[in-house]
Amino acid sequence: ELGYAPIEHVTQTAEIRGRDLLTGLPQTVQVSSTEIQSALSETLQRILEAIRNTLEMCPPELSGDIVDRGIILSGGGSLLQGFRDWLVEEIDVPVHMAPSPLESVAIGTGKSLVFADKLSKN
């Protein structure tokens with residue numbers, strides 16, 4: 001709820017309760033969306049770098065399709081607030097969300113297994 005990609009946003013805060021690792025006692029701390037954004041920054045830069053490297057290594061015909069049609073985000077990480085818009089600005093290609101981002105990976109894996117099973121029977 002507090003996570004944001006590196007975009008401008010209105011800072012939000014929330015109280016988080018948990019066990020203090022030093023004392024072992026329950027404790028409540030206030031966390032802001034800018035703190036969460038900062039904590040996510042390095043990971044998001046790595047994701048961006050991986051996307052750029054992948055796009056650079058694509059064969060020309062695939063690169064043309066990506067420039068025309070874009071990429072599709074899937075998985076829970078794609079639901080990070082502002083992630084799609086940030087990527088559009090960073091990679092300058094269309095970025096779309098999968099219809100069911102949380103289920104996409106499982107659905108794709110299932111389809112791959114069915115396909116592999118059919119291949120092995122031939």
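Axes here are lines fitted to C-alpha atoms, for helices over the stretch in contact, and angles between N-to-C directions run from 0 to 180 degrees. The legends below refer to a predicted model.

**View 1. Crossing of helices α1 and α3.** Two packed helices are described by the angle between their axes and the distance between the axes. Helix α1 covers residues 33-57 and helix α3 covers residues 83-91. Their axes come within 11 Å and cross at roughly 50°. That angle makes α1 oblique to α3, because it falls outside the ranges for roughly parallel (under 35 degrees), roughly perpendicular (65 to 115) and roughly antiparallel (over 145). The crossing of α1 past α3 is right-handed.

**View 2. Residues in the contact of α1 with α3.** On the α1 side the contact is made by L44, Q45, I47, L48, I51 and R52. Helix α3 contributes F83, W86, L87, E90 and I91. By class, the residues of this contact divide into eight nonpolar, one polar and two charged.

**View 3. D92 in the loop after α3.** D92 is found in the loop between α3 and β4, the latter spanning 95-97. Most residues other than glycine have a negative phi. Phi of D92, however, is near 60°, a positive value in a residue other than glycine. Is D92 buried or exposed? With a relative accessible area of 69%, D92 is exposed, because the cut-off for that class is over 50%.

**View 4. A39 in helix α1.** A39 lies in α1 and is exposed, with a relative accessible area of 60%. In sequence, A39 and I91 are 52 residues apart. In space, the C-alpha atoms of A39 and I91 are 22 Å apart. I91 belongs to the α3 side of the contact with α1.

**View 5. The whole protein, as context for the close-ups.** The protein has four helices and four strands. From the N terminus on, its elements run β-β-α-α-β-α-β-α. The radius of gyration is 19 Å, well over the 14 Å that the globule rule gives for 122 residues, so the protein is more spread out than a compact globule. Its C-alpha atoms fill a box of roughly 60 × 40 × 25 Å, taken along the principal axes. Buried residues make up 25% of the 122 residues. Among contacts between residues at least 6 apart in sequence, 57% join residues at least 24 apart.

How values were computed:
Residues numbered from 1 in each chain as written. Predicted model: local features only at pLDDT ≥ 70, side-chain atom pairs only at ≥ 80, totals over all residues. Heavy atoms only, no water. Helix = DSSP H or I, 4+ residues; strand = E, 2+ residues; numbered from the N terminus. Left-handed = near helix turned anticlockwise from the far one by under 90°. Contact = heavy atoms within 4.5 Å. Nonpolar A, V, L, I, M, F, W, Y, C, P; charged D, E, K, R; others polar. Buried < 20%, exposed > 50% of the residue type's maximum accessible area, 1.4 Å probe, protein only. Rg over C-alpha atoms; globule rule 2.2 N^0.38 Å.
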